[in-house]
Amino acid sequence: IFTDMLLAPADPILGLNDAFNADPRQDKVNLGVGIYKTDAGLTPVLSSVKKAEALLLAEEKTKNYLGIEGVKAYNAAVQALLFGPSHKVIQDKRVVTAQAPGGTGSLRIAAEFLVRQTKTRHVWVSNPTWANHQNIFETAGLICKEYRYYDAASHDLDFDAMLDDLSKANAGDLVLLHACCHNPSGIDLNLSQWQQVASLCLDKGLVPFLDFAYQGFGAGIEEDAAGLRVLADTVPELIVANSFSKNFGLYNERIGAVTLVAQDEDTAVRSFSQIKKTIRATYSNPPAHGGLIVSTILANPELRQEWESELTQMRERIAKMRLLFVERLKQAGVTQDFSFISRQTGMFSFSGLNKEQVMRLREEFGIYIVGSGRISVAGMTTNNMDKICQAIAQVL
Ligand code: PLP
Ligand code: TYF
């Protein structure tokens, strides 16, 4: 049965990691995958996480299965983080949350649930979007359609085109929106644009499907949830897949959640039973460790404060690297305007470098960025910045 097996293509981002690891050059630089690095180029475990893990290790009494929906205190903490603790959707019990393995696992469970339990088949994704979205959705059986988002000429959002494309969507269609720190463009909607998208969704009966993988990496934990909260204030139904891979540095623990807002409590209860059925058929119940770490930190005022300050440090270091990048490019003799990079948010910037320039950076200089020209600013440090900027000056 395996004889005629075709070789699958590598993931465009994770595959780049393998190429980077195999590169023998000492001074190679990885600006591919979205992983936060300190200025020393390391990705250490957060101190708040280490402390929570020590508490868990001391207090753990059983390895018994969790319920299908995971750690209950975790799910409540996720809702408070997403909507704010006293949001009306929580008070009205219109919101349900299930722990899931990472942002990817959450997106997949949401998609499987939507395909099996609703009549919805179409999901509109931004052009461009995270390379795995289409893969996850189509594997689950959804059909992807694209809405215009990024304008290459202005390095900015093409909001008119976005609205124009979404106005062609049909009632019941899903609209995948990056809640903040759009991957790969680094360009987000402002509050007034979120309000316009929310109105459009309400008028046309479109269902927002939020991917929230970078809460706290844009402007702050609360600020980054503003768009999601506008939607929750406006539309009767939405779905969120969130991840704590980045903002808690819990990449390999695979911790995220699926959250659904329904029009009333009874519908939420019935929908949740079907989400749980989807989970049961997939992995039965989630691994405990990541959910326990996050719920321990969020419930403990001291640990929570420490986490928030560690997250602030990560956000501020990336913002500093953006400014330094623009400045050092100028110093390296680049005359083209790269100031748009300092206006983008999150881990990534869309540099505008083409495929050929990306290949030259890799082959001649050992600098790895994604083929689309996406740069992980989170991998830049004061030590590698000059090398990066001088190499870019040469390939331009
Ligand atoms: N969604 C977006 C936009 C991402 O950038 C990522 C990257 O990690 C994910 C989802 C997946 O997150 P996780 O690693 O938690 O599966
Ligand atoms: O976009 C990124 O770099 C991160 C990490 O299949 C990632 O989101 C990349 C590819 C993938 C899973 C995670």
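This is a short walk through a predicted model, from its annotated domain to its strands, its ligands and two helix residues.

Start with the annotation. The UniProt record, an unreviewed entry, lists residues 27–392 as "domain: Aminotransferase class I/classII large". Over that stretch the chain is 46% helix and 15% strand. Its end C-alpha atoms are 15 Å apart.

Now find strand β8, residues 207–212. Six of its six residues are buried, so β8 is largely enclosed by the rest of the structure. In a regular strand, side chains alternate between the two faces of the sheet. In β8, V207, F209 and D211 lie on one side. P208, L210 and F212 lie on the other. Both faces are covered.

Strand β8 has partners. One is strand β7, residues 174–178, which runs parallel to β8 and is joined to it by five bridges. Here H178 has D211 as its bridge partner. Helix α8, residues 191–204, belongs with these two strands: β7, α8 and β8 make a right-handed β-α-β unit.

Another partner is strand β9, residues 238–243. β8 and β9 pair in the parallel sense over four bridges. The chain travels from β8 through helix α9, residues 226–234, to β9, and this β-α-β crossover is also right-handed. Two facing pairs help to locate the contact. D211 stands opposite A241, and L210 stands opposite V240. D211 thus appears in both pairings, facing H178 of β7 and A241 of β9.

What covers β9? Six of its six residues are buried, and the strand is mostly covered. L238, V240 and N242 point one way. I239, A241 and S243 point the other way. β9 is also joined to strand β10, residues 256–261, by six bridges. These two strands run antiparallel. Within this pairing, S243 stands opposite G256.

Several of these residues return around ligand 1. Its surroundings include H178, D211, S243 and G256. G34, W130, N183, A213 and S245 are also among the surrounding residues. Helix α5, residues 102–117, gives the largest share of the shell, three residues. G102, G103 and T104 are in the shell too. By class, the shell divides into two nonpolar, nine polar and one charged.

Next comes ligand 2. D11, I13, L14, V33, G34, W130, N132 and N183 surround it. Four of these residues are nonpolar, three are polar and one is charged. Which domains supply this shell? At least three residues come from each of domain 1 (14–45 + 313–395) and domain 2 (65–299). G34, W130 and N183 are listed around ligand 1 and also around ligand 2.

Finish with two helix residues. R328 is found in helix α12, residues 301–331. Is R328 buried or exposed? It has 22 C-beta neighbours inside 10 Å, so R328 counts as buried. R328 and Q390 are 62 residues apart in sequence. In space they are 8.4 Å apart, C-alpha to C-alpha.

E364 lies in helix α14, residues 355–365. E364 is exposed because it has 11 other C-beta atoms within 10 Å, and 12 or fewer count as exposed. E364 and A391 are 27 residues apart in sequence. From C-alpha to C-alpha, these two are 8.7 Å apart in space.

Note on methods
Residues numbered from 1 in each chain as written. Chains lettered and ligands numbered in written order. Predicted model: local features only at pLDDT ≥ 70, side-chain atom pairs only at ≥ 80, totals over all residues. UniProt positions renumbered as here; feature names shortened; annotations may be inferred. Near = placed C-beta within 6 Å. Nonpolar A, V, L, I, M, F, W, Y, C, P; charged D, E, K, R; others polar. Domains from an automatic or database assignment. Buried ≥ 20, exposed ≤ 12 C-beta atoms within 10 Å, placed from the backbone. Pairing = 2+ DSSP bridges. Right-handed = clockwise from strand over helix to strand, strands pointing away.
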